[in-house]
Amino acid sequence: MSDGVRIRRAADAEQQPVETLGGSYVTETRGKQSAASAPSAAPRRRWSPMGLAALALGLAVPLVAREYYLYVMALVVIEATAIIGLSYIIWNTELVSVGHAAIQGIGAYGAAVAMNQWGLGFIPALLIGCVAAGVIGLIVAVASVRVKGPYFTVVTLGLAWSVPEVLLVFPEITGGYNGISVPETALWEGGHQALFYYCGLAVLAGAIFLVRRMDRSRVGRALLMVRENEIAARTLGISPARVKILAITFGNVLTGCSGVLLLYLVTTIAPSTFGFSQSVFFLTGSIVGGIASPIGGLVGALFTVLVPQALSDLSGLASIVMGALLFAVLLLAPNGITPEIVKLGRRFLGGRRGGGDAH
Amino acid sequence: MRTDSTLLEASGLTVRFGGLTAVNSLALSVGPNEVVGLIGPNGAGKTTVLNALSRLVPSSADALGFREHDLLRHRADQLCDLGIARTFQTPQIIGHLTIAENVTLGGFKRAPYGFLAAALGTRACRDAERRLRELAMEKLALCGVSAWAEREASAVPYGVLKLTEIARALMSDPQLLLLDEPVAGTTQEERADIRRVLTEISSTLNCSVLVIDHDVDFIAGLCTRVNVMNFGRKIAEGTPDHVVSDPDVREAYLGAEDDD
C-alpha cells in the first residue's frame, strides 16, 4: 500500500507540466514517447564489468592461494552458495529461516548416507543430498507458510534444534556424535585442490545464474507482486502460498547442494557442524552481504568465513570484533554492503546503471 | 431488468466487519457485454462489494454466481481463471518495473511454464515469455498507453498507471472486469481517455464491466444501468437518467454532496 502512495506522489509531481500543455497526454505524447523509448528496449542485461572482474578474481584464486588458504577459499564459495539460498528465501518471501544450517546438514548427511550405505558415487550422492534438503524444506514450508506472522521462523528454529538431535538417534547410520566420514575425495586430498575449488566456484556461479534467471521468470515476477501487494497478486491469479513454497524449496535445494560440497571438502561431518550457531552465521552473512542480489551471498560468505579466520589469533575477542563489525554494517549499510560495493565499482569500472545488481 | 443469460448474479450479499454491516443483503447482476455502474456516497460500501465479489473479504450470500460457477466456492486467486479481473482505487503497480513488465504480471496464468523450465531457460519458456510480452503490448495498445511501455512505472503520470492496471487486468482475457474508481485522482482529459478505452473494451472484447465511481457524469456517460448504494444497501437501480432523478438518490447521494 505504501508503495502505491509513493508512486502516486511521484506521478502527481510529474502530472503538473503535462496538464499545462493542454489536451490529453495519452494521445499528445505518443509519437514523441515511442521515439524516445525505442533505443532502451534493445540491449538486454549482459555481463557487467564488475561481474567479469569478480569472476576473474575468483578464477585467479588458486594461482595465489595454496593448501590451507585455498581450503579457506573453497569454504567461502561453498558457504556463499548456502547463503544465496537463504537470501533468496528471505528476499522473495519475507520469511526468515533461522535453521538454515540444518537444511545444509540434511543435504550433507543425505549425500554421506547415499555414499556410505548405498555405495553411490559423488554425482548421484550430490543429487540425493539436494533432493533431501529440498523435500525437508518443502515440508517445513507447506506446514508454516500459509499462516501469517513468525510461524515460519519458529518452525525453522525447531529444525535448527531438532536436526542435530535426530542425527544422534540413529548412530548406526549417522555415526552419532563422532559424525560420518566419506572416502576422501580424489579431488581435494588427491592433490587436485584447485580442481575442487573450481567445482565449488562453478556451483556458486551456477547458483548466481539460476537466481538471476528465477528473478526474471514468471515465478520471480509473481513473488515480486506478492511482496509488493499480496491482495493485488491474488486477483491476478497468483497463489501467494504456492509461489512462496516454490521459492523456499528452491533456496533450500541450493543450500542442500552446498552441504554436499562441504561434505566433499571436509570429508567428516558431525551434528555439531550444522548447529544453531552455524545458522546464525548464515543469517549474518545474508544481512551483511545484502539479500537483494545473489552477489550478496558471496560477500556475506567472505565476511563470515574470512573475518573469523583473520581474527583467530584474538581467540575470545574474535566474537566481540565480529559483533561490532556486524553492528557497524547494520548502521552504515542497512541493505548490506553489496549495494555499496556495486556503487563504488560503478564509479571506477563504469558499466550499466540500474538493473539487477543492487535493487 | 435481468437478461436470460446473466453473467454475474448476486443476491443477499452481506459483508460484516465485526459489528458493522458494510454490505447488507445486496442484489446485483451484470449481463453479458453490459457496463453496470455502482455509485453511492463515501462509505456506502461500494469497494466492499467489489472486494466481496473478488473474494478478498469473507462474505455471505443467498447466491453468488458467475456463469455456471458458485463464487462462494472459489478463492480469490482462482477467479482469474474463471474470467474475473479487477483494478484497485490506487493502482497496484510496481514502481521499479517498466509499464510493460507490470502488464505481463497479469499473464501469470498465460505463460504456464514450470519452475524447472524457468531455471533451465528452455525454448518453451523463452517462447512463452515472448508471447506474454507481445500480449502485453497488445493490451497496452488497446488502452492507448503503448508509448509508455518501456518507462519505469514510478515516472509516469497517474492516469497512465490507471490505464496500465486496466491493461494488466485484460491480460487474462476476462469476461467481467471489476473497476474500483478508474478515474479517481485523474484529470479531465484522463477521464475522457479512460472512458473511451472502457467503451472500446466493452464493445470489442466481449467483456462486461462493473464500475464504481463518485463521478456521476463519468458513470452516466459509460453505463447502461446504474446501481446506487447507501449505508450498505441498494437504494435505486435503473438507467442513469432514471437514477439521477430518483428522489431517494438525490437525498442520499446528490443532496449530501450539495451540503459539502
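Colleague: Is Lys343(A) buried or exposed, and what is its relative accessible area?

Modeller: The model is predicted: local features need pLDDT of at least 70, side-chain atom pairs count only at pLDDT 80 or more, and totals for chains, interfaces and linings use all residues. Residues are numbered from 1 along each chain as its sequence is written, chains are lettered from A and ligands numbered from 1 in the order in which they are written, and side-chain values use heavy atoms, with hydrogens and water left out. Buried means under 20% relative accessible area, exposed over 50%, and partly exposed in between (1.4 Å probe, protein chains only). Lys343(A) is exposed, its relative accessible area being 53%.

Colleague: With which residue does the side chain of Lys343(A) meet in a salt bridge?

Modeller: A salt bridge is a side-chain nitrogen of Lys or Arg within 4 Å of a carboxyl oxygen of Asp or Glu. The partner is three residues apart from Lys343(A) in helix α17 (residues 338-349) of chain A, a separation of about one helical turn; helices are DSSP runs (H or I) of at least four residues and strands are runs (E) of at least two, numbered from the N terminus. At 3.7 Å, N to O, the side chain of Lys343(A) meets that of Glu340(A).

Colleague: How many residues apart in sequence are the parts tied together by Glu230(A) and Lys244(A)?

Modeller: These two side chains meet in a salt bridge of 3.6 Å, N to O. Glu230(A) lies in helix α12 (residues 230-235) of chain A and Lys244(A) in helix α13 (residues 240-266) of chain A, so the pair ties together parts whose separation in sequence is 14 residues.

Colleague: Which residue of chain B forms a salt bridge with Asp77(B)?

Modeller: Asp77(B) is buried, at 7% relative accessibility, whereas its partner is partly exposed at 44%. The closest N and O atoms are 3.0 Å apart, and the partner is Arg75(B).

Colleague: Where does Phe231(B) lie?

Modeller: Most residues other than glycine have a negative phi. Phe231(B) has a positive phi of about 50 degrees although it is not a glycine. Phe231(B) is exposed, at 69% relative accessibility. Its place in chain B is the loop between β9 (225-230) and β10 (233-238).

Colleague: Which are the edge strands of the open sheet β2-β1-β4-β5 of chain B?

Modeller: Two strands pair if DSSP finds at least two bridges between them. The four strands of this sheet are paired in the antiparallel sense. The edge strands, each pairing on one side only, are β2 and β5 (69-70) of chain B.
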